[in-house]
Amino acid sequence: MSDSQGKDLATVEHGEAPLYPLPPHRPRTTDTDPRAARRAQRQVATQFALSAVLTVGFFVAYWVVPVDQTVELGPFGVWSLSNLLLGLTLGGAILLIGTGAIHWAKKLMSDEEIVDERHPLGSPEEDRAAAKEMFDTGLAESGFAERKIVRRSLIGALLLFPLPFIAFLRDMGPMPGTSLRNTIWKKGTRIVVDVSGQPLRPEDLQVGTLVSASPEGLDEIQEEEGTQNARAKASIILVRMSPDEIRSDQSPEGETWAYEGILAYSKICTHVGCPIALYQRRTHHLLCPCHQSTFDLADSGNVVFGPAARRMPQLPITVDDEGYLVAQSDFTQPVGPSFWERG
Amino acid sequence: MSIIVNEAGKAISRADQRMPISSLLKANMRKIFPDHWSFMLGEIALYSFIILMLTGVYLTVWFKPSMAEIIYAGSYEPLVGIHMSEAYASTLDISFEVRGGLLIRQIHHWAALFFMAAMIVHMFRIFFTGAFRKPRELNWVIGASMFLIVLLEGFAGYSLPDDLLSGVGVRIVAGIVEAIPVVGTYLMFFIFGGEFPGNDFISRLYTFHVLLMPGILLALIGIHLVLIFYHKHTQYPGAGRTNTNVVGYPLFPVYVAKAGGFFFVVFGVTTLIAALVTINPVWNYGPYVPDQVTAGSQPDWYIGFLDGMLRAMPNWETVIGSYTISWNIFLPGVVMPGILTFALILYPFIEGWITGDEREHHILDRPRNRPVRTGIGAAVIAFYGILVINGANDVIAITFNLSINQLIWFTRIGIFVVPPLVFWATHRFCIGLQRRDREKLLHGYESGEVLRLPHGEFIEIHKPISDEEKAVILAKEAIAPLPAPPETDENGVATPGLRGKRLRARLSRLYFGDDVATPTPAEIAEAEHHAHELHDHEVAELESAGKDVPANLP
């Protein structure tokens, strides 16, 4: 057998002599001067002793300093005193064991380099032959090669038996169904301010403002379901601009989805689903803080930059009898990231 | 002292009657390991893993992996009365109620970052020195697999506290899973137990993070170390070092003290940093709420390159009938990481195929002697660097007052332009260093001593380099590229697999074509002879002019 360089592998010998011999060992001062050795010994012992002292210090800090005590350290701000002292004592105690041991090794243990021969890594030829023979014997004794029906039925059974374990995974979650296409917005659902839960009238919004909002009753639904799923899809932003600034919106022919310059868009980015609320009032651009997809709210929420492929879905809104802003219906397209079945 | 030694001796002899302990000790106790600072990088990774397991077990005592909503009533005033998951609340409890809890949490997080950093630098050391070559290919595969597992493991741990920052990261992952064609939506629903965020994710992630992944890692680390032991460590070229020996210090006592001590150093330093530098202050971020996000959201740095890829991708999407393919997410989020994973794991086999090298290698390459490999490594660093920068482009744009759109365009173009440029420059740089090595070997090094000859000429005295340096330079193997395959054999039969063989020969020329030949012994002798002749003549001139001849002239 030979490799591409033409060297015969069988002749690559072990124990080849180096071109240049190992340089002679140079003794350290600790090897030649007993005083230096004693000094190194003291240095090592001091580090170990200091470590022990710091461990004791750790327990003092553990019992004396309350966990919630803070300390003001000038320009470095406010610190948890407990964390600081526990960490410094424990860290110091551990570190000193390490530095002591390494100092010991470097100064006092032998530093004469030793040469070891490498052993051949593979099995000797006779072992390989013996192993093959054993395998062949075993194979012949088992009859695996001749008894086709045993072999094939075994392979069949082995191929089938993992399937139940895949089946078990089926109940990890429900089928998607149409759930990604709906949110809890319905005709007449009031729009409320995100944090306070206050319903909104058009006059509450000045031109140029952007408000994070959600459907009324969201908290109750969340309580009932025990998840934040409804919120993850239903969150919207309300933005008001003077009607002449709106170049287009997503209203189909004959419908009006905006109300007196108030537009409602999904808050969930169509790229990978980050909530968006970075709004540039002058350009009406909405910027996603995660991946910088930029949408133009004055122009149907279209993508003007970044990795998002789809415009922000618009929620059709109007006002109810009492003058509060409400949804005309659910979103007419799925909110959030695209998915295979979205179409 | 003698009591300890006696008792240990007795214990061993008792054990020896049941297992061949002495034989095991005999074979390994005085095993020789070579010494070099770069061999400590893997140690840092190993020790960080041990620190992570230790501190991780403590964290499990108090952490509650549950997304059930509760109202916070702990001692951190700003969040009292806020709705949050039990996972987040228990993370706050670890940070504010448990003595030393914050310290353990911070050690855990810092150690995770050091683990990742040490692994990456360790992998580059292995790559640039060719330590992955035969017989160590399998250990490269194991190491690269561990790197990928740790990437996932780190992301899982970062996500467990269910804070606002990490929750946004999980939302992004959910979006990436949704973008996988055909199965994506189902996968997402199975992972999250329904729609995002659901109620199951944290507890599922917890099992993944504390049981499954560490278990696999532990097994792989075991094999990794056994293979290192069995193969014996590689060594750098130098005087006295050959491909068939190993020169260094014995495991017992030198490396027991040095490596054992180094574990304490890594642990101690990590602890001190955890005491002094806050990491992941989740109490500042607040609990995860799916309609909230903070500007300047960044993942932990090791995920940054993936996020950078996601940010740079143009917004391509294809709709076929009623189905959508989100190239803008699928390519950077799934396909590219997949390709990178395969390239990483398979590199030793790709290089082995191109070079046709089937010999065992125990002497490490100097990076300059493998210009193509070194160039590839440098190009990967450039590729990675650009993506990491783009992963933080919003922060960079604000800090340096740049346009974010321009930064993204810089990445989109730079990702294709910069790595090839870096490859080319590194390649040239390596060849230059090879030429310099050859120069040094043939003509010695420039001593900086300038001599003026009587006829007015200035010469700089070159002095021969030391034997140690010669040994390092001469360790470079001269390798000729594979010859181009003949189209037909002598009987006119077309060579089977001609295309593959041609590609291989071409790649081999790329690998070795520009190699600067190491001088042969004859060339070295000739150069020395030549040097003497010249200097004899100069010496004669100096002597006839009655000048002192410098003693250090050859």
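Biologist: In this predicted model, which residue meets Arg128(A) in a salt bridge at 3.7 Å, N to O?
Modeller: A contact of 3.7 Å, N to O, falls within the 4 Å cut-off for a salt bridge. The two residues are 3 apart in helix α4 (residues 125-142) of chain A, so they are separated by about one helical turn. The partner of Arg128(A) is Glu125(A).

Biologist: How many salt bridges does a search of the whole structure find over all chains?
Modeller: The pair Arg128(A) and Glu125(A) is a salt bridge inside helix α4 of chain A. Across the interface of chain A and chain B the rule finds 4. Over all chains the search gives 34.

Biologist: Which residue of chain B meets Arg310(A) in a salt bridge?
Modeller: The N to O distance for this pair is 2.6 Å. The partner side chain is that of Glu317(B).

Biologist: How many residue pairs are in polar contact between chain A and chain B?
Modeller: Both residues of a pair have to be at pLDDT 80 or more to enter this count. With that condition, the number of pairs is 35.

Biologist: Which element gives the largest share of the side of chain A that touches chain B?
Modeller: Elements of chain A that each supply at least two residues to this side are α2 (34-64), α3 (81-107), β3 (114-117), α8 (229-234) and β11 (302-305). The largest share is 18 residues, and it comes from α3(A).

Biologist: How many residues on the side of chain A that touches chain B are nonpolar?
Modeller: By class, this side has 19 charged and 28 polar residues. The nonpolar residues number 48.

Biologist: What is the area buried between chain A and chain B?
Modeller: In contact across the interface are 95 residues of chain A and 115 residues of chain B. Carbon and sulfur atoms give 62% of the buried area. The area itself is about 9000 Å².

Biologist: Which three residues supply more of the area that chain A buries against chain B than any other three?
Modeller: Together they supply 11% of the area that chain A buries against chain B. They are Tyr20(A), Arg118(A) and Trp340(A).

Biologist: Which strand of chain B pairs with β3(A)?
Modeller: The pairing is antiparallel and runs over 4 bridges. Within it, Asp116(A) stands opposite Val246(B), and Glu117(A) has Asn245(B) as its bridge partner. The strand is β4(B), residues 245-250.

Biologist: Which strands stand at the edges of the open sheet that holds β3(A), β4(B) and β1(B)?
Modeller: The order of this sheet is β3(A)-β4(B)-β1(B), with antiparallel pairing. Each edge strand has a single partner strand, so one side of each is left without a neighbour in the sheet. The edges are β3 of chain A and β1 (32-33) of chain B.

Biologist: Which residue stands opposite Tyr265(A) in β12(A)?
Modeller: Chain A has an open antiparallel sheet of 5 strands in the order β4-β5-β6-β7-β12. Its edge strands are β4 (191-193) and β12 (314-315), each pairing on one side only. Strand β7 (residues 262-266) of chain A is joined to β12(A) by 2 bridges. Opposite Tyr265(A) is Gln314(A).

Biologist: Which residue takes a positive phi in the hairpin of β7(B) and β8(B)?
Modeller: Strands β7 (residues 445-452) and β8 (residues 458-463) of chain B run antiparallel and are joined by 5 bridges. Arg452(B) stands opposite Phe458(B), and the hairpin has 5 residues between the strands. The phi is near 105°, and the residue is Gly456(B).

Biologist: Where does Lys232(B) lie?
Modeller: Lys232(B) has a positive phi of about 65° although it is not a glycine. Its place is the loop between α9 and β4 of chain B.

Biologist: Which residue is joined to Pro197(B) by a cis peptide bond?
Modeller: A cis bond also runs from Lys134(B) to Pro135(B), with omega near 10°, and Pro135(B) lies in the loop between α5 (101-129) and α6 (137-159) of chain B. Pro197(B) lies in the loop between α8 (184-192) and α9 (201-231) of chain B. At Pro197(B) omega is about -5°, and the residue joined to it is Phe196(B).

Biologist: Over which residues of chain A is the pLDDT below 50?
Modeller: The mean pLDDT of chain A is 92, and 95% of its residues reach 70 or more. The stretch below 50 has 22 contacts in the model beyond near neighbours in sequence. It covers residues 1-13 of chain A.

Methods: Residues numbered from 1 in each chain as written. Chains lettered and ligands numbered in written order. Heavy atoms only, no water. Contact = heavy atoms within 4.5 Å. Buried area = accessible area lost by both parts, 1.4 Å probe. Polar contact = N/O pair within 3.5 Å; in protein donor to acceptor, adjacent residues only side chain to side chain. Nonpolar A, V, L, I, M, F, W, Y, C, P; charged D, E, K, R; others polar. Pairing = 2+ DSSP bridges. pLDDT = per-residue confidence, 0-100.
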